[in-house]
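Biologist: Hey, I'm new to this one. Can you walk me through it?

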Amino acid sequence: MTRFTVKFKELREICMAQRIATEYVKACLRLTEEEMSRFVRFFGDQHVRLQVRVLEGGNQELVLEDEAGKEEVRLTFERQKDVYVGVLSCRLVHPKLTNALRKAMSMFKGDAIVNRIYPSYTMIYYYTGGAVRKIVEQSRGAARVVFELKDTIGELERRFRSTGVEQDIVRIKQAINELLDLRNQTQHARELAAIDDRLRKHAQALFVLEA
């Protein structure tokens, strides 16, 4: 079961708001040697410039940079017996590196606290094992839980691994806009209730897909 609450006036803001930045408060990845190789190849497939530097003790430093050279992230992995452990804190503005890092955290099952910052509010995402466990909205000094994952881990992971996530986001935003327009033209209480129920479900799916 999930818990989700959203007000009608907030739905249009969700669709129209432009994200100012994405802030990784703390992220952690634990990779085997084989996963480390796939991690490096993954960023090459995302058209992100990558430099790998081998440090003392078998540690590795990855320097990630978008093709336009607008942003750079340094991620150091410490070799601990048979695994590489990387801890990351950074703030990103441009979408290329932001999207690549989001996909990597999901694919390689990272743990993280991520702030997605908008002009009037911040959405805080809590990741465990690459899946979103909770989403909290922080606005005007107040915080409220808008999504909390309990017994649907398998379903959520399948969504994260879907190759059509971006298309789903566009489709859901279009559906929300159409429902909002329909709501403005509707006066009957029963129809309004049905529209609001569909809006809540679409908004829930949108928050999860954009995680």
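Modeller: Here is a quick chat about the whole protein, one helix and one cavity.

Modeller: This is a predicted model, where local features need pLDDT of at least 70, side-chain atom pairs count only at pLDDT 80 or more, and totals for chains, interfaces and linings use all residues. Residues are numbered from 1 along each chain as its sequence is written, and side-chain values use heavy atoms, leaving out hydrogens and water.

Biologist: Cool. How many helices and strands does the protein have?

Modeller: Six helices and nine strands, taken as DSSP runs numbered from the N terminus (helices H or I, at least four residues; strands E, at least two).

Biologist: What about helix H3, how far apart are its end C-alpha atoms?

Modeller: They are 18 Å apart, which agrees with the 18 Å that the 13 residues (95-107) should span at 1.5 Å a residue; the expected span is 1.5 Å times one less than the number of residues.

Biologist: And what follows H3?

Modeller: Lys-109, with a positive phi near 55 degrees.

Biologist: New topic: which residues line the second largest cavity?

Modeller: Ala-27, Cys-28, Leu-29, Leu-75, Gly-86, Leu-88, Leu-101 and Met-105. A cavity here is a set of points on a 1 Å grid over the protein atoms alone where a 1.4 Å probe fits but cannot get out, and lining residues have an atom within 4 Å of a point.

Biologist: Which element gives the most to that lining?

Modeller: Strand E1 (21-32), with three residues. Strand E5 (83-92) and H3 each supply at least two.

Key: 1 Å grid on protein atoms, 1.4 Å probe; cavity = no way out; pocket = protein on both sides within 12 Å on 5 of 7 lines; lining within 4 Å.
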